[in-house]
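Please open the model in a viewer and keep the selection panel at hand. The tour below proceeds stop by stop.

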Amino acid sequence: MAGMATTGENGSTRNWTFLTNHGHVLLAIARNPTARLRDVADEVGVTERAAQAIVADLEAGGYLNRTRVGRRNEYTLNPAGRFRHPAEADRQVGALLALFADDQEPAEATERS
């Protein structure tokens, strides 16, 4: 995952993104519900232990369910889950998942229509 660099007033560079690691993990699992946490961690740019903690948070918050299938986990997402911040609490995370779904048309194609 590549971060966005911005230059501050004193010339220092800070990296930041619009989504938290929790959001990135949720999207990675949405794209591949049978992904190994090692692969999710690599995609998001966190350690495997951090990915495990994030998945535990998401599961405890009701955003996903983990089911053991053989030697692997399979995840089922709950798109009806609400955002946690009061400013977005009236919105469901399913809207975020739909926004980043891989089957969407590229923005350029939509803009030309």
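**Pockets, hairpin and a central helix**

Begin with the second largest pocket of this predicted model, whose volume is about 170 Å³. The elements that contribute two or more residues to its lining are α2 and β4. To display the lining, select A35, R36, L37, R38, E48, R68, R71, R72, N73 and Y75. Colouring by class shows six charged residues, three nonpolar and one polar. The most is given by β4, with three residues.

Next, select β3 (64-69) and β4 (72-77). These strands pair in the antiparallel sense over six bridges. At one position, L64 stands opposite L77 in β4. Then move to the turn of the hairpin, where two residues lie between the strands and G70 takes a positive phi near 65 degrees.

Now select helix α1, residues 21-31. Which of its residues are buried? They are G23, H24, V25, L26, L27, A28 and I29. To see what these buried residues pack against, add α2 (37-44), α3 (48-60) and α4 (93-99), and keep β3 and β4 in view.

The last stop is the largest pocket, which holds about 430 Å³ of space. Of the 16 residues that line this pocket, T20, H22, G23, F83 and R84 lie nearest its centre. Two or more lining residues come from each of α1, α3 and α4, and α1 supplies the largest share, three residues. By class, the lining of the largest pocket comprises eight nonpolar, four polar and four charged residues. G23 thus appears at two stops: among the buried residues of α1 and among the residues nearest the centre of the largest pocket.

Note on methods
Residues are numbered from 1 along each chain as its sequence is written. This is a predicted model: local features need pLDDT of at least 70, side-chain atom pairs count only at pLDDT 80 or more; totals for chains, interfaces and linings use all residues. Side-chain values use heavy atoms; hydrogens and water are left out. Buried means under 20% relative accessible area, exposed over 50%, partly exposed in between (1.4 Å probe, protein chains only). Helices (H or I, at least four residues) and strands (E, at least two) are DSSP runs, numbered from the N terminus. Contact means heavy atoms within 4.5 Å. Two strands pair if DSSP finds at least two bridges between them. On a 1 Å grid over the protein atoms alone, a cavity is a set of points where a 1.4 Å probe fits but cannot get out, and a pocket is an open set with protein on both sides within 12 Å along at least five of seven lines; lining residues have an atom within 4 Å of a point. Grid points are joined across faces, edges and corners, and a volume is the space filled by probe spheres set on the points. Ala, Val, Leu, Ile, Met, Phe, Trp, Tyr, Cys and Pro count as nonpolar, Asp, Glu, Lys and Arg as charged, and the others, Gly among them, as polar.
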